[in-house]
Amino acid sequence: MPRGYISIGSNIDRDNNIPASLQALKHCFGELIVSSIYETEPVGFSGDPFYNLVVGFDSGLSAKEVARQLRQIELDHGRARDCKKFTARTLDLDLILYGDLVLRDEQLQIPRDEIERYAFVLEPLAEIAPALKHPVSHISYAELWDKFDKTNLKQKRVKPSWMLTK
């Protein structure tokens, strides 16, 4: 059974959308491995800061079926599918890894390029899967994070109020 990793982000009603998405993901996929939450400045546009995190899960579903379920969870949480790439959003769920699968087609890209491009994806992934190796470069996520250019890094770990009760 492959282990998948999902990047989660929200900057609209994030204190409700992030915990609700975790509940929905747990309902779909069972037990989750959850990274810390990072507050991140928007990339490519001006707006409210995001909460970003990565979760891991085990599933026997195909990667395309997992992606379909993620799209449905986004829609259930008010995500507009016709929005631009760099814009505010209620919820963004991206399947970034699925076992050692390498897939590039018009609907799905695994592993996602964002892993190596954005600190808000790589840092939480390296936190929960430091020894796991990228299926193409075969470099561990801890090593990728170590080498990542952290100049002008605009993110920090946070503990939202809704996490303090856990």
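**Close-ups of a predicted model**

**View 1. A lysine over a tryptophan ring.** In this predicted model, Lys150 places its charged end over the ring of Trp145, 4.4 Å from the ring's centre.

**View 2. An arginine over a tyrosine ring.** Here we look at Arg14 and Tyr51: the charged end of Arg14 sits over the tyrosine ring, 3.8 Å from its centre.

**View 3. Strand β4 and its partners.** Strand β4 covers residues 50-58, and eight of its nine residues are buried, so to speak tucked away from the outside. Strand β1 (residues 3-10) runs antiparallel to β4, and eight bridges join the two. Look for Ile6, which stands opposite Val55 in β4. Strand β2 (residues 33-34) also pairs with β4 in the antiparallel sense, over two bridges, and there Val34 stands opposite Val55. Then comes strand β3 (residues 37-40), again antiparallel to β4, with three bridges. Find Tyr38 and you'll see that its bridge partner in β4 is Asn52.

**View 4. Phe29 meets Phe57.** The structure holds four aromatic pairs. In one pair, the rings of Phe29 and Phe57 have their centres 4.5 Å apart and their planes at 35°, so this pair counts as tilted. The two come from distant parts of the chain, 28 residues apart: Phe29 belongs to helix α1 (residues 14-29) and Phe57 to strand β4. Both of these phenylalanines are buried. Ring pairs also bring in Tyr98, making a cluster with Phe29 and Phe57.

**View 5. A stacked pair, Tyr118 and Phe120.** The ring centres of Tyr118 and Phe120 are 5.0 Å apart with planes at 15°, so the pair is stacked. Tyr118 and Phe120 are both buried.

Key. Residues are numbered from 1 along each chain as its sequence is written. This is a predicted model: local features need pLDDT of at least 70, side-chain atom pairs count only at pLDDT 80 or more; totals for chains, interfaces and linings use all residues. Side-chain values use heavy atoms; hydrogens and water are left out. Buried means under 20% relative accessible area, exposed over 50%, partly exposed in between (1.4 Å probe, protein chains only). Helices (H or I, at least four residues) and strands (E, at least two) are DSSP runs, numbered from the N terminus. Two strands pair if DSSP finds at least two bridges between them. Rings of Phe, Tyr and Trp (its six-membered ring) pair if their centres lie within 6.5 Å; planes under 30 degrees apart count as stacked, over 60 as edge-to-face and the rest as tilted. A charge sits over a ring if NZ of Lys or CZ of Arg is within 6 Å of the ring centre and within 35 degrees of the ring normal.
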